[in-house]
Amino acid sequence: MLFNSSLYIFAFLPTVVAVYFLLNRERLCTAAKWWLAIASLFFYSWWNPANLPILFGSMAGNWFFANRLWAANETTDIKRRRWLATGIVFNLLYLGAFKYYDFVAGEIGSAFGLQIPLLGLALPLGISFFTLTQIAYLADIGDRLVPRQSFLNFALLVLFFPHLIIGPILHHKGMMPQFDRLRAKVFQLEMLAAGVFLFAIGFAKKALIADPLAPFVAYALDQTPQLGFFEAWQVLLAFTCQLYFDFSGYVDMAIGSALMLNIWMPENFNSPLKSRSLIEFWSRWHMTLTNFLTTYIYTPILRSLGKPRLITALFAVFVTFFISGIWHGPAWTFVLFGVLHGTCLMANHFWRRKRWLMPGWVGWVLTMLFVSFTFIIFRAHSVGVVENALSGLLGLHGATAYAFSGHGLSWASSGINMNILGLMAFAIVIASLPHNSVQLTIIFLTYLKGKQQWNRPRTTLQN
Amino acid sequence: MEQAPDNLTKLTHIMRRVFENPELKVSTTTAACDVPNWDSLNHVSLIMEVEAAFGVRFGLGELQDLKNVGALVSLIDQKLKKPMQ
């Protein structure tokens with residue numbers, strides 16, 4: 001079920017919120033949690049119930065390892081490490097079987113001329129996200145940060161529908177205490193209003209900007225054999241706008257939905273298009289993923305290499321982004337995305353260490369150009385699409401490709417599409433407003449309540 | 001709570017060394033954005049220095065939602081009161 005479907009907005013969400021608070025009012029707090037978990041399963045299985053057993057399999061495995069870890073925490077350190085390592089390997093293999101096996105087998109097969117049987121498994125919805133959530137859960141138990149939990153609490157953390165499919169990635173520590181706060185179990189009109197407010201902003205981002213840009217981007221990248229100079233630059237900007245407003249709009253709808261249940265989820269975007277360096281960009285874009293990568297990949301790699309030095313830190317940055325690229329999907333374009341970001345982040349860190357300076361606007365232009373180009377790689381189905389876009393950007397295909405225009409949506413004879421330009425101008429104005437959607441929601445809520453009286457979970461200490 | 005000022009002083013010395021700034025002023029409300037060199041590399045250096053100096057060990061997941069120096073100090077206090085292993 002999609003957040004922007006009428007089924008979700010007019011039936012699912014109101015029912016879930018109403019029944020949740022009614023159950024809590026009758027002091028059936030455990031039943032209320034079960035209600036959220038079961039409603040989340042319904043939400044998840046709406047498109048394809050066949051995915052449910054896969055989700056259950058992952059949860060059953062992780063619940064087993066969680067219990068072994070809690071038991072091992074009371075005994076020896078070595079046992080604890082073994083169970084943690086086994087649990088993480090379980091998750092990686094599980095994800096690998098569905099997401100990477102066929103790609104790796106196919107590549108090895110074609111490289112060595114072998115016939116390796118493929119599994120042909122469909123990629124279950126949200127598996128990348130629920131796998132990360134559960135790895136973090138096991139790692140936190142291994143560090144003794146999660147006291148022994150009921151199965152219900154574990155299930156609710158994993159299944160909670162606002163984050164299940166596309167994040168933000170949640171941690172036990174930031175979430176479960178919120179579910180147990182008594183005040184959060186009482187319906188609050190202000191929180192409902194704030195949730196609706198943020199949800200509406202997210203919906204508008206997606207419906208008014210991202211979705212109208214999508215057919216243009218698809219036509220330019222998928223159906224234009226030789227992109228001209230003008231079209232290539234338009235699509236470069238258009239896709240960055242599309243991706244940002246789509247993803248952040250979706251996350252706004254997710255955070256807004258959770259707010260209606262009196263739950264704060266961590267913010268995932270903090271005006272990333274204002275970033276003046278790549279390091280800054282990753283501290284503002286998909287923040288819960290960056291946070292996960294920093295905490296569970298970058299830091300352990302760096303620590304394992306002895307006293308941190310610039311060279312080992314750069315190495316750790318590169319490996320982290322390489323892994324991040326692969327996590328996004330089994331394709332060479334994702335590998336290239338990870339390698340490019342890893343490389344440029346190394347350069348950015350080196351530059352910063354040397355204390356070389358750059359005017360802010362130059363940094364902003366470079367960051368946006370680099371990020372936009374890598375997004376094209378991110379979206380491309382093949383390396384050929386990237387080559388086409390790059391040639392277009394460099395003007396190798398001439399100024400415009402209108403001669404190739406097909407039927408339906410087509411390029412204007414000038415190569416410039418005024419609707420798209422207008423839409424992008426609108427998007428850029430929205431993206432450069434002084435406050436982003438989450439900040440506006442906090443201002444709105446403060447106004448409603450008269451004072452700031454809640455603890456919003458912060459995403460991170462460092463930047 | 002009597003330990004807090006001592007640990008803060010000790011932490012200040014470590015931070016001055018890690019961030020290569022002998023003049024650095026640190027209070028409980030200091031956050032990463034207030035300190036020029038506080039990036040992801042120095043953050044790991046800082047944590048490792050703190051672990052060595054105080055004889056504590058942080059879990060990975062503990063380090064990500066520290067809001068400011070005050071939160072780090074209270075985490076250190078909490079670890080010193082209840083040593084792991």
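A helix here is a DSSP run of H or I with at least four residues, and helices are numbered from the N terminus. With that in hand, let's walk through this predicted model, starting at one residue of chain A.

Phe112(A) sits in helix α5 of chain A, which covers residues 101-112. Is Phe112(A) buried or exposed? Its relative accessible area is 62%, and because the cut-off for exposed is over 50%, Phe112(A) counts as exposed. If you would like a sense of distance, look from Phe112(A) to Leu423(A): the two are 311 residues apart in sequence, and their C-alpha atoms are 49 Å apart in space.

Now turn to another part of the surface of chain A. Phe229(A), Phe230(A), Trp233(A), Trp361(A), Trp364(A), Val365(A) and Leu369(A) together make a nonpolar patch there, with about 680 Å² of accessible area between them. Two elements of chain A each give two or more residues to this patch: α11, running from 229 to 260, and α16, running from 360 to 379. Helix α16(A) has the largest share, with 4 residues. Val365(A) is a good one to click on, as it lies in helix α16 of chain A. Its relative accessibility is 32%, so Val365(A) counts as partly exposed; that class lies between the 20% limit for buried and the 50% limit for exposed.

From the surface, we can move inside. In soluble globular proteins, nonpolar side chains tend to be buried together. The largest nonpolar core in this model holds 134 residues, and the members that touch the most others are Tyr8(A), Leu36(A), Phe160(A), Phe161(A), Met175(A), Phe179(A) and Trp285(A). Helix α11(A) gives this core its largest share, 18 residues. What does Phe161(A) touch, leaving aside residues up to four places away in sequence? Its partners are Phe3(A), Tyr8(A), Phe12(A), Leu13(A), Val16(A), Leu36(A), Ser40(A), Phe43(A), Ser257(A) and Leu261(A).

Apart from that core lies another one, of 24 residues, including Val35(B), Val50(B), Val56(B) and Ile76(B). Those names bring us to chain B. This chain has 3 helices and 0 strands, giving the pattern α-α-α along its sequence. Chain B has 85 residues, of which 53% count as buried. Among its contacts with a separation of 6 or more, 56% join residues 24 or more positions apart. As for its surface, chain B exposes about 4,400 Å², and carbon and sulfur atoms supply 53% of that area.

Key: Residues numbered from 1 in each chain as written. Chains lettered and ligands numbered in written order. Predicted model: local features only at pLDDT ≥ 70, side-chain atom pairs only at ≥ 80, totals over all residues. Heavy atoms only, no water. Patch = residues over 30% accessible without salt bridge, like charges linked within 9 Å, V, L, I, M, F, W, Y side chains within 5 Å. Areas by Shrake-Rupley, 256 points an atom, 1.4 Å probe, with all protein chains shown as cover. Salt bridge = Lys/Arg side-chain N within 4 Å of Asp/Glu carboxyl O. Buried < 20%, exposed > 50% of the residue type's maximum accessible area, 1.4 Å probe, protein only. Contact = heavy atoms within 4.5 Å. Core = buried A, V, L, I, M, F, W, Y, C linked by side-chain atoms within 4.5 Å.
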